[in-house]
Amino acid sequence: MKGLLKKAVLGLALVLGAAPVADAASYRQHGQAVYYGGRYDRATRMTAAHRTLPLGTWVRVTHRTTGRSVVVKINDRGPFGNSRRVIDLSRMAAARLGITHQGVAPVTVTVVRRR
């Protein structure tokens, strides 16, 4: 069953156009971050949406221009429509990262902890 699930996740990642997540310790992705209303999470308001990372994964999002970073919990899927956009941040996370006026910013996403 595990092998079948792994193949399904790999297939889904390839269909969505993202690189599959092989090892959380070495996962790093560059692209753009945008912010949106976010899906409610009881534990934290620092949340984000990502296409392929498992829900519950904690990631560090670093603004490549300013060096500011935030740690957010992946609790939703997205962004869709623009392949350069790699993560959707909640309003709180976007504000702490300093991108609410920009709307879009160059970022690096690194896994901090799997759920």
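This is a short walk through the fold, strand pairing, core and a few charged residues of the structure above.

**Overall layout**

Keep in mind that the model is predicted. The protein chain has 2 helices and 6 strands, and reading from the N terminus the order is α-β-β-β-β-β-α-β. Of its 115 residues, 42% are buried. Contacts reach far along the sequence: taking those between residues at least 6 apart, 74% join residues at least 24 apart.

**How the strands pair**

Let's start with β4, which covers residues 69–76. This strand is mostly covered, with 6 of its 8 residues buried. Its pairing with β3 is antiparallel and runs over 5 bridges, and within the β3 and β4 pairing V61 sits opposite V70 in β4. The two strands make a hairpin with 5 residues between them. In that turn, G67 has a positive phi of about 85°.

β4 also pairs with β2, this time in the parallel sense, over 3 bridges. β2 is a short run, residues 47–49, and it pairs with β5 as well, in the antiparallel sense over 2 bridges. A49 shows up in both pairings: it stands opposite D76 in β4 and opposite D88 in β5.

What about β5 itself? Here 4 of the 5 residues are buried, so the strand is largely enclosed by the rest of the structure.

Here are the strand pairings side by side.

| Strands | Sense | Bridges |
|---|---|---|
| β3 and β4 | antiparallel | 5 bridges |
| β2 and β4 | parallel | 3 bridges |
| β2 and β5 | antiparallel | 2 bridges |

**The nonpolar core**

The largest nonpolar core has 21 residues. Which of them touch the most other members? That would be V59, V61, V72, I87, L89, V107 and V109. Several elements chip in: β3 (58–63), β4 (69–76), β5 (85–89), α2 (91–97) and β6 (104–113) each supply at least two residues of this core. β6 gives the most, with 4 residues.

V109 is a handy place to look at how the core is put together. Setting aside neighbours within four places in sequence, V109 is in contact with Y27, R28, Q29, V59, R60, V61, V86 and I87. Among those partners, V59, V61 and I87 are also on the list of core residues that touch the most other members.

**Charged residues, paired and unpaired**

The structure holds 1 salt bridge. It joins K73 and D41, whose closest N and O atoms are 3.2 Å apart. K73 lies in strand β4 and D41 in the loop between β1 (28–35) and β2, so the pair ties together parts that are 32 residues apart in sequence. Are the two partners buried or exposed? K73 counts as buried at 18% relative accessibility, and D41 is buried too, with a relative accessible area of 12%.

R51 is another story. This arginine is located in the loop between β2 and β3. R51 is buried, yet it has no salt bridge. Its nearest side chain of opposite charge belongs to D88, 8.0 Å away. What does the side chain of R51 reach instead? One target is the backbone oxygen of N82, at 3.2 Å. The other contact to mention is with the backbone oxygen of R85, which lies 2.7 Å from a polar atom of the R51 side chain.

**Two partly exposed spots**

To round things off, consider A95 and R113. A95 belongs to helix α2 and is partly exposed, with a relative accessible area of 43%. Leaving out neighbours within four places in sequence, A95 is in contact with R68 and T100. Its C-alpha atom is 9.9 Å from that of V70, 25 residues apart along the chain.

R113 is part of strand β6. Its relative accessible area is 49%, so R113 counts as partly exposed. Not counting residues up to four places away in sequence, R113 touches T57 and W58. The C-alpha atoms of R113 and K73, the lysine of the salt bridge, are separated by 9.4 Å, with their positions 40 residues apart along the chain.

Methods. Residues are numbered from 1 along each chain as its sequence is written. This is a predicted model: local features need pLDDT of at least 70, side-chain atom pairs count only at pLDDT 80 or more; totals for chains, interfaces and linings use all residues. Side-chain values use heavy atoms; hydrogens and water are left out. A nonpolar core is a set of buried Ala, Val, Leu, Ile, Met, Phe, Trp, Tyr and Cys residues joined through side-chain atoms within 4.5 Å. Buried means under 20% relative accessible area, exposed over 50%, partly exposed in between (1.4 Å probe, protein chains only). Contact means heavy atoms within 4.5 Å. Two strands pair if DSSP finds at least two bridges between them. Lys and Arg count as positive and Asp and Glu as negative; His and the chain ends are not counted. A salt bridge is a side-chain nitrogen of Lys or Arg within 4 Å of a carboxyl oxygen of Asp or Glu. A polar contact is a pair of N or O atoms within 3.5 Å; within protein, one must be able to donate a hydrogen and the other to accept it, and residues adjacent in sequence count only if both atoms are side-chain atoms.
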